[in-house]
Amino acid sequence: MDNQPVDCGCDTTPQPLLSIDEALEILTSSAKVTNSTQLIELDDTLNRILAVDIHANISVPSFDNSAMDGYAINLKENQINTPSVFTFEITDRIPAGGTGNSLIPGCAARIFTGAPIPKGANTVLMQEECELIENKSKIEVYRPISLGENIRPMGNDIQSGDVILSKGKQLQPQDIALVASVGIGKLEVFHKIKVGVFFTGNELVKPGDVLQQGKIFNSNRYSLVALLNKLGCEVINLGNVKDTFNATCGALEALKSDCDLIITTGGVSVGEEDYIKPAIEKLGQLSLWRIKIKPGKPLAFGNLGHCAFIGLPGNPVSAMVTFLLFARPFIKKMQGVSHYLNTTFKTQANFDWHKPKPRREFVRARLDHTVFPTKVNLHPKQGSDVLSSMVWADGLIEIPEKTTFKRGEVLNFYPLNEMLS
Ligand code: AMP
Ligand code: MG
């Protein structure tokens, strides 16, 4: 009974195709930024999304200090920039972390990198430029000396009150270090979002199990879970789900109260074995489902109450490409990331495009850096089932709809390493 097509009362007549830009706009404008935050130790903040602006309440450095191991000097007025030989008596020694005494004119303090410049000192000489004389009690210098040499002034890096990081930044090692440098030990970040996933298809077999005639291994399960892990989501994985209306509804029901978002692959067309659309329409709302894109025309977007829903197509390349182009910016916006859209750069086609296509295409491509300007080549097989083309590629090239062009055309390139970071 379960395997029979179910008349769920929903309209299955094809709706007009949406443009990619329209679909992305609908998706991102309806993505709700998570409103829960947590305060965590700096060591745990890598890749997390900052939930507040961070202000410095000290300057860095917080005192003038030496940029070199050498000698801090109190240069007299008549010694500044004068070509002569100078002698200074060493009257103090200041290691990093220490403090020195006031330095009187004509005297020097042995000083080390990072140590505070003592009162009265107005320049620092590198030790390599100084000769120790008279049983190391004095130094001699043989060149004109300027004021302020090798001194790192207070506030050189950060001024007290500066906004050093902005809300919505995904924290990288240098961000965490900058926060540490102003003495902040914990950061308020957005909570991880919870994404429930399952994979529709009677043909799907778990890798490692025996592959019977007509079955295939479930590869989408691995790309999707890995993509979500890369994005720092908490993943609840229900695994393979049979192509029945009841099984699809059951999986959605099991996830919806616990998740911020559910993502599925397969079953989003209008074939008799495609149950995602009727199941979402029964349990929630479906906002869009067909987009002018290749690969990946069928794509479902909707919600089950507070839980958002994205149904990706089943073909492995389509599933990955639509995830990267649509689900990724959607998730990043939900996570609170301020720059959630994909970034592209321009590159030149190393191929002709003869046949205008009705849908915008995202073709698997690889940059050739041995030529200048860099050119981009196509994988010879662009089928949405050719997963090896994704492994070969280092990015996707956007081919505008209804167009032809010659080698040398400038096109948008979506780098995979960026979209997978
Ligand atoms: P569907 O979107 O369900 O019509 O599936 C389209 C194609 O993708 C079919 O050839 C499926 O066998 C294949 N496919 C669906 N789900 C997966 C999956 N999880 N892993 C690999 N291939 C799949
Ligand atoms: Mg299917």
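A residue is called exposed when its relative accessible area is over 50%, buried when that value is under 20%, and partly exposed in between. With these cut-offs in hand, a few backbone details of this predicted model can be placed in context.

Two asparagines make a helpful starting point. The phi angle of N135 is positive, near 55°, in a residue other than glycine. Following the chain, N135 sits in the loop that links strand 8 (130-133) to strand 9 (138-141). Its relative accessibility is 78%, so N135 counts as exposed.

N47 likewise is not a glycine, yet has a positive phi, here of about 70°. This asparagine is found in the loop between strand 1 (37-41) and strand 2 (54-55). Because the relative accessibility of N47 is 40%, a value that falls between the two cut-offs, this residue is classed as partly exposed.

Attention can now turn to the peptide bonds, where two prolines deserve a look. The bond that joins K294 to P295 is cis, and its omega is near 0°. P295 itself belongs to the loop between strand 19 (293-294) and strand 20 (298-304).

A cis peptide bond also leads from F372 to P373, with omega near -5°. On the chain, P373 is placed in the loop that runs between strand 23 (360-368) and strand 24 (375-378).

For a reader tracing the backbone on screen, the places to visit are thus N47 and N135 for positive phi, and P295 and P373 for the cis bonds that precede them.

Terms used:
Residues are numbered from 1 along each chain as its sequence is written. Chains are lettered from A and ligands numbered from 1 in the order in which they are written. This is a predicted model: local features need pLDDT of at least 70, side-chain atom pairs count only at pLDDT 80 or more; totals for chains, interfaces and linings use all residues. Side-chain values use heavy atoms; hydrogens and water are left out. Helices (H or I, at least four residues) and strands (E, at least two) are DSSP runs, numbered from the N terminus. Buried means under 20% relative accessible area, exposed over 50%, partly exposed in between (1.4 Å probe, protein chains only).
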